Amino acid sequence: MTALDWTIVALRVAVPALTLPVLVIPLTWLERRGAAFIQDRVGPNRVGPFGLLQAVADMIKMFTKEAVTPAHADRTLYYLAPCIAVFSALSTFAVVPIGPTLRIGAREIPLIGADINIGILYVFAMTSLSVYGLVLAGWGSNNKFSLMGGIRSSAQMISYELAMTTAAAGVILAASSFRLNDIIAMQQGTWLGFIPRWNVFIQPLGFLIFFVSAFAETNRLPFDLPEAEPELVAGYHTEYSAMRFGAFQMAEYVNVVVACAITATLYFGGWSLPGFHPEGLLGVLLSVLVFTVKTAIFICVFIWVRWTLPRFRYDQLMTLGWKALLPLALVNLFWVAALEMLRLRS
Amino acid sequence: MSAARIVFDLAMVMAILFSGLMVINRNPVKSVLALVVAFFGLAIGYVLLFSPFIAVIQVIVYAGAILVLFLFVLMLLNIGSQPHERSGRPIQTLLGGASVVVFAALLLGTLRGSGSRIPSLSPENPAALSDAGILARTLFSGYLLHFEAVSVLLLAALVGAFVLARRVRRA
């Protein structure tokens, strides 16, 4: 491998890992302005044009505030928890394809961190580790509210992971591959000339379950029970201040971006559009733009839902997960399996 | 020694070290965490042995689900550090120590005897090991009976746990 090859590999790793934390800045602005819009307020509009620099100001504040460590906290776990939260959030994006293979001369650069043949399973493995960040924050803080938040998060995330993976199993079955690029490849083309061959049209139920579970997995309203500020102060991150608190916030936003990117990839064809064949550098850039727009739409839905729906009660949350979403996900799996049987017969 | 071999050895040392920590630690929450790290080390080992599917399943099932349930129970019962007590059973301690020595000797003997039969880091057929399809076909054809038997065993354990829990409540 030459120095150029190494540079490309380093860029493929660094670009997603560095873009995501930076993306958090416009996202917090979008969230606050979106909330203000929904609640008929103005929102932050003083710092910079349209208040765009408010998020930067917030970040400077986070970094310069005093970080208080509670006297009775378990120090190892207390310091470890935000690290785990950020690590699992950032590492998930490594297998998400953000565009097609870029060809410059004889060189092929796939626009993906690591194109492994178990891509989607890797995503689930990394998101399943994110629960440790919350649980350890809850336990290590030595605070009853934090502990309650930690306990809630562990039960909630396992419950919704089941529904989420079962819904995604439908997509995996239809694509007969775990590789995310294969899943995008099977969604190319159209039916009847105008309906894109996206999974959402064959498995609308699966998409719905996956997307609802994504809210629970990222701890966003209406499923932010581990945080639940009216009952638990701030839940698992009650005792965190300054940038340690910022780390949890960052992990949450990165998780939202990743969940939206995965939803777009699994059910909406990822970076592809029917009738659009990316050629050359411009085509590749356009398909990255397509992927970004699809992801951004879902992020807006996330924000819209957060400021529209009230929080669930914990028993309602558990009932929904186990008695509604999981059985429905199984129905979706049977539906896809039946379709595949028919396809193989003909 | 290649870079992969060094990473593999480091991961295995980490797995063994943290397995030991899991046993020694007096705080059950930290024991569970040490086990998570040990499982992660094993998963790295699987990846370097050209079995990424097994590695990911290991992380999803053990680190992501089972150990989280362990943590859930520990936190629900709020168990703190347990004092280090001397066990009042000298004979059992002696027998336990002896069996560890015997097991270690057997293991060393097997490893030395097998020699080159330990799968090396350059497998003859990497596709067969990494492909989930081939794994599934083997599992659901050649080993179908074993697979079903294990699932019945798990069901029996589930029913057993349920029966035990109910009996306590009635008393």
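These legends accompany views of a predicted model with chains A and B.

**Figure 1. Overall fold of chain A in the predicted model.** Chain A carries twelve helices and four strands. Its C-alpha trace extends about 65 × 50 × 45 Å along the principal axes. The radius of gyration is 21 Å; a compact globule of 346 residues would come near 20 Å, so the two agree.

**Figure 2. Burial and contacts in chain A.** Buried residues account for 51% of the 346 residues of chain A. The contact pattern is summarised by sequence separation. Take the contacts in chain A between residues at least 6 apart in sequence: 76% of these join residues at least 24 apart.

**Figure 3. Surface and charge of chain A.** The accessible surface of chain A is about 15,800 Å². Carbon and sulfur atoms hold 71% of that surface. Chain A has 23 positive and 20 negative charges. The mean position of the positive charges lies 3 Å from the mean position of the negative charges.

**Figure 4. Close-up of A:Asp40 in a loop of chain A.** A:Asp40 sits between two helices, α1 (3-38) and α2 (54-64). Its phi is positive, about 60°, and A:Asp40 is not a glycine. Most residues other than glycine have a negative phi. Is A:Asp40 buried or exposed? The relative accessibility of A:Asp40 is 73%, and exposed means over 50%, so this residue counts as exposed.

**Figure 5. Close-up of A:Asn142 in a loop of chain A.** The flanking helices are α4 (119-140), before A:Asn142, and α5 (144-175), after it. Which sign does phi take at A:Asn142? Phi of A:Asn142 is positive, near 60°, in a residue other than glycine.

**Figure 6. Helices of chain B.** Chain B is built with seven helices and zero strands. Along the sequence the pattern reads α-α-α-α-α-α-α.

**Figure 7. Burial, contacts and surface of chain B.** Of the 171 residues in chain B, 21% are buried. Among contacts in chain B with a separation of 6 or more, 64% come from residues 24 or more positions apart. Chain B exposes a surface of about 12,200 Å². The share of carbon and sulfur atoms in the exposed surface of chain B is 73%.

Definitions and conventions
Residues are numbered from 1 along each chain as its sequence is written. Chains are lettered from A and ligands numbered from 1 in the order in which they are written. This is a predicted model: local features need pLDDT of at least 70, side-chain atom pairs count only at pLDDT 80 or more; totals for chains, interfaces and linings use all residues. Side-chain values use heavy atoms; hydrogens and water are left out. The radius of gyration is taken over C-alpha atoms; the globule rule is 2.2 Å times the number of residues to the power 0.38. Buried means under 20% relative accessible area, exposed over 50%, partly exposed in between (1.4 Å probe, protein chains only). Contact means heavy atoms within 4.5 Å. Accessible areas come from the Shrake-Rupley method with a 1.4 Å probe; for residues, only the protein chains shown count as cover. Lys and Arg count as positive and Asp and Glu as negative; His and the chain ends are not counted. The place of a charge is taken as NZ of Lys, CZ of Arg, CG of Asp or CD of Glu.
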